[in-house]
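Biologist: I would like a close look at one part of this protein, namely the empty space inside it and the aromatic rings, followed by a few residues that help a beginner find the way around. Could you take me through it slowly, in one connected answer?

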Amino acid sequence: MPIKNSWLIPAILFFSSFFLRFFFISKGHYHIDCLALALNAQSTLNEHHLSYQFGLGYPLTVLSAVFFVGLSNLFSIADPVWAVNFMSVVYSSLTVLIFYFFIAKLFDNLTAFCAGILLSLNPIFLTLSVYGNSHTVSIFYLLLSLTFLVSQFKRRLLFFALTLGLFGAARLQDMILMLPAVFILFLNQTQERIKTKVYIFIKLIFISLFVALIFHLPYFFGPSSKNYLSQLQHFYNLGVTSNFDGVLSRYLFSNIKFFCVVNPAIIFTFIGFIYLLRNKRIAYIIFLLCWIFIPFSFYGNILTSAPRFYLISIIPTIILESYAVSSFLQIKNNFFRICLVSLVFTLAFLPLPKNTFPILKFRHTTTLLPDWAKFIKDRTEPTALIISGDDNFVINHYAQRGIFSRPIDLNANSQNELKEFKRNLDAALSTKTPIYITTTGLISYDPNGILQKFLIDNYRFRFLGKSVSEDWHNGELKLDIIDEELWQILPKNDIPQPPH
């Protein structure tokens, strides 16, 4: 069942993907990183120097956000959060288009059409596509570089190296994880001797790394250089040492289970491998295996993983599922052909009606994090300081309240930290500075309840009210609505009213 080579099919994939995402675009920022990206883009636009995001900086993601914030300003849309959400809508829709051309070059148009549909409606990719983040930007440039690699090889090598560098400028860690898979695909493109291929590939990778480095240079020499280098070391320690539990860790099995739940059609990945093996496409098998397992061996073994980190490994499984579908369509028996193809798409789209579309609709109409911050603003003085958790940034921006730092990860040996915290807290209260604490500030990063017990033993509390917020830590595919309470911390001699 061949599909003629034309722009009609890719155009349908692009526009259907775009309008679906635009219809569900998030009203506000679901994730704290989205707000940071929007504000950094606005700051870059206003102050004309590249703002630092966090970790590796993600300079191309910030610059892409700057473009969309500037574009939205031209149309009198002053909300930078909406602008970066729209950025993800556009990038993800273009990704579906580029994915079609990549698979068409790798296999054929029929496989590409199936792959475009499966990627566009993949739950992880779809939920990432409606709010601002670095993944939608980086995946676009990854697939664009691979498309150049398999298209008229000799004339497109420079474009391949440049766009691979842009991939690194968007998410450098993912570029590093993808290099073995890219190398395997590169080796399959020419008939030169292996030594010559390796030499050419090394030169191209140096170009790619140079391009990525150019985007990172403002962080090394700009106003945020000290913070960048400090955060870079912290990010490395967190991601590679303390947060990475080693290959075949205790987290791997649960992450594999999640990988299968979010993509029930994954069984057809193995059938795709069988068809590739039967057609003697060994290089493609190795390429796709590297693409799946190398990123997953890292992200699947870290403590604080989230669905968005698995997108890079899900894409090659979609390629294999699509190859299986296109192979099924060659079966002469109509009954088996229809049953098998229907089963693939039914399983692939099974999570959408119950688990995906309701979440997208909720975030399209509701903004719980900003609403929670405005609740705090309405009930506290302008001079108040708030003890909270990872939502400090939201409170500082929307409630326009200062943040009072608290110790985290306390244990039985943390008496010095608690004494220092009490000293600072007593000093603030003695100057009549209003101090408030949220539920998140009371219980987060305190699994043994040490901070909570310490505060209840040494202070009084006045209850001001409660509201709801959304916790983003468990990822895009979970709608985690939590109850938040607001309490004022008072000296011990005030009327007691302990938090519940």
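Modeller: What follows begins with the enclosed spaces, goes on to the rings, and ends with some single residues.

Please keep in mind that this is a predicted model. Rolling a probe the size of a water molecule over the atoms shows where empty space is left. In this structure, a search of the whole model finds 3 cavities of 30 Å³ or more, and the largest cavity holds about 70 Å³ of space. Its walls are made by Ser26, Gly28, His29, Tyr30, Arg363, Thr366, Thr367, Leu368, Leu369, Pro370 and Glu470, so that you can find the place by looking for these residues in the structure. Sorted by class, this lining has 4 nonpolar, 5 polar and 2 charged residues, and the element that gives the most to it is helix α18 (residues 368-379), with 3 residues. Two of the lining residues, Tyr30 and Arg363, also meet in another way, for the charged end of Arg363 sits over the ring of Tyr30, 3.7 Å from the ring centre. A similar arrangement can be seen at Arg308, which lies over the face of Phe309, at 4.8 Å from the ring centre.

Besides cavities there are pockets, and the second largest pocket contains about 330 Å³ of space. Its lining counts 16 residues, of which Ile256, Phe259, Ile292, Phe293 and Phe296 are the closest to its centre. Helices α12 (252-262), α13 and α14 each supply at least two residues of this lining, which by class has 12 nonpolar, 4 polar and no charged residues.

The loop between α13 (267-278) and α14 (282-299) holds Lys280, and this residue deserves a short stop. Most residues other than glycine have a negative phi, and most peptide bonds are trans. Lys280, however, has a positive phi of about 60° although it is not a glycine, and with a relative accessibility of 73% Lys280 counts as exposed, because the cut-off for that word is over 50%. Gln400 is another non-glycine residue with a positive phi, here about 55°, and Gln400 lies in the loop between α19 (392-399) and β2 (402-403).

Now to the rings themselves, where a search of the whole structure finds 38 aromatic pairs. In one of them, the rings of Tyr91 and Tyr141 have their centres 6.0 Å apart and their planes at 55°, so the pair is called tilted. Tyr91 belongs to helix α4 (residues 80-106) and Tyr141 to helix α7 (residues 134-150), so this pair ties together parts that are 50 residues apart in sequence. Both partners are buried, Tyr91 with a relative accessible area of 9% and Tyr141 with 12%. Tyr100 and Phe101, in turn, form an edge-to-face pair, with 5.5 Å from centre to centre and 80° between the planes. Tyr100 is buried at 1% relative accessible area, whereas Phe101, at 24%, counts as partly exposed. Ring pairs also link a cluster, in which Tyr91 and Tyr141 appear together with Phe14, Phe15, Phe18, Phe19, Phe22, Phe67, Phe68, Trp82, Phe86 and Phe140.

A few further residues complete the picture. Ser120 is found in helix α5 (residues 109-120) and is buried, with a relative accessible area of 7%. If its neighbours within four places in sequence are left aside, Ser120 is in contact with Ser17, Arg21, Val96, Phe125 and Leu126. Tyr228, which has its place in helix α11 (residues 225-242), is likewise buried, with a relative accessible area of 2%. Apart from neighbours within four places in sequence, Tyr228 is in contact with Tyr52, Gly55, Leu56, Gly57, His216, Tyr219 and Phe220. One of these partners, His216, is 12 residues away from Tyr228 along the chain, and their C-alpha atoms are separated by 9.9 Å. Ile194, by contrast, counts as exposed, at 54% relative accessibility, and is found in helix α10 (residues 194-221). Between Ile194 and Leu166, which are 28 residues apart in sequence, the C-alpha to C-alpha distance is 27 Å.

Notes:
Residues are numbered from 1 along each chain as its sequence is written. This is a predicted model: local features need pLDDT of at least 70, side-chain atom pairs count only at pLDDT 80 or more; totals for chains, interfaces and linings use all residues. Side-chain values use heavy atoms; hydrogens and water are left out. On a 1 Å grid over the protein atoms alone, a cavity is a set of points where a 1.4 Å probe fits but cannot get out, and a pocket is an open set with protein on both sides within 12 Å along at least five of seven lines; lining residues have an atom within 4 Å of a point. Grid points are joined across faces, edges and corners, and a volume is the space filled by probe spheres set on the points. Helices (H or I, at least four residues) and strands (E, at least two) are DSSP runs, numbered from the N terminus. Ala, Val, Leu, Ile, Met, Phe, Trp, Tyr, Cys and Pro count as nonpolar, Asp, Glu, Lys and Arg as charged, and the others, Gly among them, as polar. Rings of Phe, Tyr and Trp (its six-membered ring) pair if their centres lie within 6.5 Å; planes under 30 degrees apart count as stacked, over 60 as edge-to-face and the rest as tilted. Buried means under 20% relative accessible area, exposed over 50%, partly exposed in between (1.4 Å probe, protein chains only). A charge sits over a ring if NZ of Lys or CZ of Arg is within 6 Å of the ring centre and within 35 degrees of the ring normal. Contact means heavy atoms within 4.5 Å.
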